[in-house]
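Please look through the model shown here one chain at a time, and then turn to how its nonpolar residues are grouped.

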Amino acid sequence: MENDKKQKFTDFYETVKIMGNELSDGHIGNEEFSFVNSKILHREHELPWSTPLFYTTFFSIGFVIDAYGKIIVDKLPFNIKPGMLFVNKPGELQQLTWDVMNESYGLCFTENFISKYAGISIYKTFPFLLFERQIPLHTTMEMQEELKKILLQIVYELKRDSPLKNKICANLLTRFLLRIKQEYWEGYAIHSPEIRDPDIVKNFIQNMEYHYDQLLKGKVSHILHIKDYAKMQQLHENYLSSVLKEKTGKTGGQLIAEKTLNAAKFLIADSRFSIKEISYMLGFSYLSYFSIFFKKHTGHSPVDYRKKNLQ
Amino acid sequence: MIPQLTTLSNFKDCIAYMNLPVYKYLDNDDFGILKVHEMGISLPFQSPTFRPLFYTFTIVTRGIGTYIIGNDTFELRSNHVIITRPDAFFASSWTQMDKVYNITFNKNFLTEYLPEGIDDIFELGAKNGYSCSLPQETMDYFEKTCLEIYNTAVSTLSCKDEFMANLIINLLFFLQLQKYNTENLKNQSEKHSPIVTAFRQNMENNFNKLVSGENVTLMRTKEHANLLNINENYLSKVVSSCTNKTVNEWINEKLIDEIKYLLKHSDKSMKEIAKMFGFKNLNYFYSYFKTKTQNAPGSIRKEYNHYSQEQSSFF
């Protein structure tokens with residue numbers, strides 16, 4: 001596969017473009033959370049229709065009631081049939097093709113959305129979303145009914161635009177995911193980080209999630225670099241970096257920086273720690289490094305961010 | 001009628017104390033849902049006074065009752081919902097009950113599934129509860145969700161707690177929206193900070209301990225700041241900027257609220273009440289109460305007794 005064919009979508013409006021080129025009833029929401037009604041997006045005369053290969057920065061759920069097509073996730077092709085449910089995580093290379101479209105819906109959401117508005121850590125509540133290769137799931141009629149009911153409520157809330165819109169949507173999304181968890185992943189537990197897994201990327205993400213979970217709980221107080229993660233997996237750091245770059249489209253440093261940024265946002269919103277404490281917690285040796293890092297990625301200085309959060 | 005004063009705080013203990021059936025599906029103290037009308041309560045009903053550790057969320061489809069929480073009285077009619085705070089004296093009475101759902105949940109339960117706590121969703125502020133009547137359509141939705149919670153509670157699903165928490169949170173959002181509509185308020189007022197939440201929690205714990213006699217001193221700013229390992233001035237600053245009330249105002253309000261309940265709904269003597277809240281001498285108790293409420297404790301008790309006698313002779 002040639003590199004220039006791979007596209008990456010970070011922006012909501014680019015995603016809209018990829019999903020069908022119009023911002024209407026077929027695609028409502030914002031860059032953190034959105035709902036897709038494929039029937040409206042893809043009219044009959046446009047079919048068959050397919051996206052280019054692309055990377056996402058968000059989780060996406062496709063809920064097919066009556067449609068046919070094909071999806072390629074991480075180079076594995078699957079045929080889409082009625083009653084299918086697929087869940088994709090960020091950083092997966094995918095391509096979607098529709099042949100027949102009668103009824104199908106999609107939800108896109110970021111990890112930040114669910115932790116910000118529902119207070120839920122994906123790592124703790126829905127670990128299977130992060131760590132498992134998602135193969136398409138088959139839904140029963142009963143399950144379809146239930147999921148559809150939740151979706152209709154989501155659409156209603158998105159259109160109603162009440163002051164609590166985001167929180168209610170996050171709440172409904174959680175319910176949707178809980179149904180999936182109950183049905184397919186009952187009793188799922190994260191493997192302890194010591195167990196070696198042949199999948200390097202998965203192992204890396206698991207180590208990283210575990211480390212940041214500990215960091216936020218205050219159990220460890222230093223940050224790990226790509227070198228440390230490589231050592232944990234007994235690989236050379238260059239090799240780990242190149243694998244990560246190829247599979248996720250981002251370098252290890254970028255992945256770590258993103259995670260650090262999320263942790264920083266979380267800690268800053270919590271007023272118990274001073275900015276200085278936070279910067280040490282996250283492994284910055286000088287406060288100014290932290291401020292520069294934070295400002296570079298969010299456009300606000302840490303103090304401004306905290307003030308804005310308190311307003 | 002003066003309700004019997006108890007300091008029972010767990011949900012199951014409370015039900016058992018009233019000689020009501022404790023169903024098997026109520027398998028922990030963290031969360032419970034009851035179809036109250038199916039419990040065989042003989043009307044009119046007066047509950048003893050409890051000091052619950054749990055939030056109570058009651059949905060009255062058809063019924064008439066009264067909740068007394070601290071110094072606040074809530075009249076419940078058909079199509080009413082009420083949510084009440086824990087850590088205050090609580091008594092209820094019912095004269096009619098055809099369809100009433102009662103959901104109770106501990107603070108622990110909520111923080112496990114909703115880390116920021118209830119204040120983030122639903123602004124009770126310093127009030128002991130919030131009650132409102134709902135339009136028919138919303139009521140139907142609440143009732144439907146209640147049944148869904150009930151069905152989940154009696155089921156054996158592995159993540160049923162998560163489901164129930166999710167549904168409860170959903171109802172709380174809708175209640176909050178209802179509150180915005182009726183009060184015409186914008187999304188404003190209280191800002192939330194973990195320090196404020198922790199402070200209020202400690203304050204409530206302190207009161208619980210005073211009431212049960214485990215502790216004899218009332219904590220003030222200094223003790224609260226020490227407990228949180230922060231500076232006294234910083235605590236005052238955060239609390240007053242987030243809630244528009246000072247630390248002492250919070251404590252005094254709560255204290256007066258507790259005292260008023262005991263004056264009205266119990267037959268404890270002044271001396272006992274004063275001792276309970278750590279007043280070293282009775283004169284100080286009288287003058288404290290009088291400066292805060294412009295009324296002597298004795299006259300509050302007398303007035304209330306007089307009023308309630310009139311009420312009962314009226315019926």
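In this predicted model, residues 24 or more positions apart account for 64% of those contacts in chain A that have a separation of 6 or more. Chain A holds 14 helices and 10 strands, and of its 311 residues 32% are buried.

Turning to chain B, the secondary structure comes to 12 helices and seven strands, while buried residues make up 33% of its 315 residues. When contacts in chain B between residues at least 6 apart in sequence are considered, 73% of them join residues that are at least 24 apart.

The buried nonpolar residues can be followed next. The largest nonpolar core contains 97 residues, and those with the most contacts inside it are A:Phe109, A:Ile114 and A:Leu173 from chain A, together with B:Phe105 and B:Ile168 from chain B. If neighbours within four places in sequence are left aside, B:Ile168 is in contact with B:Ile103 and B:Phe105. Apart from this core lies another, of 20 residues, which includes A:Ala230, A:Leu255, A:Met281 and A:Leu282.

A single residue of chain A offers a contrasting case. A:Leu76 lies in strand β7, which covers residues 76-80 of chain A. Is A:Leu76 buried or exposed? A:Leu76 has 10 other C-beta atoms within 10 Å and is therefore exposed, because a residue counts as exposed when 12 or fewer such atoms lie within that distance. As for its position relative to another part of the chain, A:Leu76 and A:Ile226 are 150 residues apart along the chain, and their C-alpha atoms are separated by 28 Å.

Key: Residues are numbered from 1 along each chain as its sequence is written. Chains are lettered from A and ligands numbered from 1 in the order in which they are written. This is a predicted model: local features need pLDDT of at least 70, side-chain atom pairs count only at pLDDT 80 or more; totals for chains, interfaces and linings use all residues. A nonpolar core is a set of buried Ala, Val, Leu, Ile, Met, Phe, Trp, Tyr and Cys residues joined through C-beta atoms within 7 Å. Two residues are in contact if their C-beta atoms, placed from the backbone, lie within 7 Å. Helices (H or I, at least four residues) and strands (E, at least two) are DSSP runs, numbered from the N terminus.
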